[in-house]
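Visitor: Could you walk me through this structure, step by step?
Guide: Gladly; here it is.

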Amino acid sequence: MSSIPHDHAAGHDAHAHVPSGIMRWITTTNHKDIGTLYLWFSMIMFLAGGVLALTIRTELFQPGLQIVDPEFFNSLTTLHGLIMVFGAIMPAAVGFANWQIPLMIGAPDMAFARMNNWSFWLLPFAAALLIASFFVPGGAAAGGWTLYAPLSVQAGMGLDFTIFAVHILGASSIMGAINIITTILNLRAPGMTLMKMPLFVWTWLITAYLLIAVMPVLAGAVTMLLTDRHFGTSFFNAAGGGDPVLFQHIFWFFGHPEVYIMILPAFGIVSTIIPAFSRKPLFGYASMVYATSSIAILSFIVWAHHMFTVGMPAAGQLFFMYATMLIAVPTGVKVFNWVATMWRGSLTFETPMLFAIGFIFLFTMGGFTGLVLSITPVDIQLQDTYYVVAHFHYVLVAGSLFAFFGGVYYWLPKWSGRMYDETLGKWHFWLSMIFFNVTFFPMHFLGLAGMPRRIPDYATQFTDWNMVASIGAFGFGLSQLVFLYTVLKAMRSGPKASARPWEGADTLEWTLPSPAPYHTFETPPHVG
Amino acid sequence: MKSVLTRDASERNDRRAANLRTAATLGSIALLFFVGIVAAQYSGSATVGIGAVGLAILAFLAVALWRNLRK
C-alpha cells in the first residue's frame, strides 16, 4: 500500500469558490458533492426499505393476518429487497467510491465529471418509479426481488415500473463503473503503481469490472421480460415455446456476482480501517488483491447454486456445489489477513474499528451458513426457508452495512471537518450488534424447523422466535436513528477534526486538511 | 521547445483521449453483453451467443493491432 511521504497541501486551494444553493447540487460535477449526494440518497432509501422491513416484521409478530393482506405482503418483501439492494447498498458503495477514490489515488476528480452527475441524478427517478409502483392498479411487483418469470409475465403494471426502474439503475451503474475504472487506470498520481493502490481502490476496480459484466445481463433479462409481457415474444413462456427456467439462469448469472458487487467495497473499507486502528500495515497486501480477484472470477461460475431445486443433472449439481465451496478459500484468506493484521498490533477500539471487527465476526458467520447452503442435499431441504433469509442478512447487513457504517465514522472527519461523538458512535455499534443478532439469529432456527420465507402467516409452532425477531427488528431500526443523529450532530456542532485524526491512517487523503478542500490534487502528488 | 501552457494543454488532450478510449472499450463490452444475450436467446441458438462474443474478441484484437501498427 502507498505510504505518505510527507505532509503537504500542494495543489489545493482551500479558498476556492464553492457554489451554493440548490443548483450546486443539481449541476455539480465535483466528486465530493456527488459522493455526498449518493450517501444521503442511500440513507433515505435505507430508511424507506427499513420501513417496509418493519411492516413485514409487524405482520409476522404473531401468526394469522394482522395488518396487511397477503398480496401487499408479497409487494413489501419484493420492494424491500429491490430498494435495499439497488437503492441503499449499491449507491452507498458508489458514494464511498466517489469521495475516496480520487482522494486515495491523488486524482483531481473523476475522469468523466459530467457523466458522474448523470449517474447520480438517474437514481431518484428510478427510486420514484419503484415507490410509485405501490400506487398503480394491481400494486407493486410481488414476485420477489428476483422477478422470476413466468409469474412476472402475468403481473400488473407495477412490474413495468420495476422493469424501467431496473433499466435506469443499470444504466446508472454502468456509467458509474466506466467512470471508476477510467479514473483508476488513467488518473493515478505519479508513482502510484497498481500494487501501491490502497485496497479500497483495488476492491472498487474489481467491483466495477463485475458491474460492466453483469448489469447488461440483468438489463437483457428484464428487456426480454418486457417483450414477453407486451410484444408477443415467448422467451420465458412455455406455452409459446419459451423456457421458464431460462430467466432464473440469466437472473442468477447477474445475481451472484451482484452479491460480490455489494460486499467487495465493504472488504475494501474494512481493509482500510483495520490497519489504521492496529497501527500496522495490512498483512498480505498482494494476497488480498489476488483473493479479491479470485472471488470475482469464481462468482461467475456458481450461479446455479441458487437453483438446486429446479432440477439439473448430478454432474451440474456437483460442479456448482464444489465451485461454491471453492469461494471459501479466497474469502478465508481475507479473514485470515484481517485477523493477522490485528495480531500483536497496537489496537484501539474507536467506533470504525468496532464496526470492522463486528463485520469480521458476523460476516464470517454468514459465510459459514453460505457453506452449509452450498451442499446440494442440504440446500434442497433449506431452499426458500428462513435459514436462507438469515444467511444473506448476515452477509449483507452485518457485512456490507456494518462496513459502510464503519467507513462513515472513519472518513466523516475528512468529509465534514468535524469529529463525531465517540460515545454515541459506540452506542450505535452495540445497539446494532445486539439487535441485529436478536433479529436474524433466530431465523436460523426458524429455517431449520422449516418455516418458509415470503409468507404473511405461519404455523403456531414458529410464533416465539418470530416474536423475538420482530422485537429485534424494531430495536435495530431504532438504533439507526442513533446513527442519523450522531452524523447530523457531528456535522452541525462536532469538534473540529485535525488533518489526520487517526494516527495509524496512512493513505493520501490524510495529507489533506479537514474538511478536504473543494478542489484537491490539481497538482498531482508524488507517491514514494 | 514547447511552452509550459502548450505542454499542459497537450497533456490534458492526451489524457482526455485516453479516458475516452478506455470508456469506449468498456461501454462496447457492456453493449456486447446486452445485445449478445438477447440475440442469443431470440435466435434460440447457443452458437449465436458464442459467435457474438467470439467476433467481438476478434474485433477488439483487430482494433488493438491496428492502433499499434499505426504508431
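Guide: A word we will need: two residues are in contact if their C-beta atoms, placed from the backbone, lie within 7 Å. Please keep in mind that this is a predicted model.

Visitor: Leaving aside neighbours within four places in sequence, which residues is Val201(A) in contact with?
Guide: Val201(A) is worth asking about, being among the residues with the most contacts inside the largest nonpolar core. With neighbours within four places in sequence set aside, its contacts are Ile101(A), Met104(A), Ile105(A) and Ile184(A).

Visitor: Which helix gives the largest share of this core?
Guide: The core in question is the largest nonpolar one, with 182 residues, and Ala221(A), Val270(A) and Phe359(A) join Val201(A) as those with the most contacts inside it. Its largest share is 21 residues, and the helix they come from is α3 (residues 70–105) of chain A.

Visitor: How many helices and strands are there in chain A?
Guide: Chain A has 528 residues, of which 54% are buried. Its secondary structure comes to 15 helices and 0 strands.

Visitor: What is the radius of gyration of chain A, and how does the globule rule compare?
Guide: The C-alpha trace spans about 65 × 50 × 45 Å along its principal axes. For 528 residues the globule rule gives 24 Å, and chain A comes close to that, so it is as compact as a globular protein of that length. Its radius of gyration is 23 Å.

Visitor: Where in α6(A) does the kink lie?
Guide: End to end, α6(A) has 32 residues and reaches 46 Å from its first C-alpha to its last, close to the 46 Å expected. There is still a kink of about 25°, shortly before the proline Pro216(A). The kink lies at Ile212(A).

Visitor: Is α6(A) largely enclosed or not, and how many of its residues are buried?
Guide: The burial count settles this, so α6(A) can be called largely enclosed by the rest of the structure. Of its 32 residues, the number buried is 26.

Visitor: Which helix supplies the largest share of the side of chain A that touches chain B?
Guide: The contact takes 19 residues from chain A and 14 residues from chain B. On the chain A side, α5 (157–186), α6 and α7 each supply at least two residues. That side divides into 15 nonpolar, 4 polar and no charged residues. The largest share, 8 residues, comes from α6(A).

Visitor: Which helices do the buried residues of α8(A) pack against?
Guide: The buried residues of α8(A) include Tyr285(A), Met288(A) and Ile295(A). They pack against four helices of chain A: α6 (199–230), α7 (244–278), α9 (314–326) and α10 (328–342).

Conventions: Residues are numbered from 1 along each chain as its sequence is written. Chains are lettered from A and ligands numbered from 1 in the order in which they are written. This is a predicted model: local features need pLDDT of at least 70, side-chain atom pairs count only at pLDDT 80 or more; totals for chains, interfaces and linings use all residues. A residue is buried if 20 or more other C-beta atoms lie within 10 Å of its own, exposed if 12 or fewer, and partly exposed in between; C-beta atoms are placed from the backbone. Ala, Val, Leu, Ile, Met, Phe, Trp, Tyr, Cys and Pro count as nonpolar, Asp, Glu, Lys and Arg as charged, and the others, Gly among them, as polar. The expected span of a helix is 1.5 Å times one less than its number of residues. The bend at a residue is the angle between axes fitted to the seven residues ending there and the seven starting there. A nonpolar core is a set of buried Ala, Val, Leu, Ile, Met, Phe, Trp, Tyr and Cys residues joined through C-beta atoms within 7 Å. The radius of gyration is taken over C-alpha atoms; the globule rule is 2.2 Å times the number of residues to the power 0.38.
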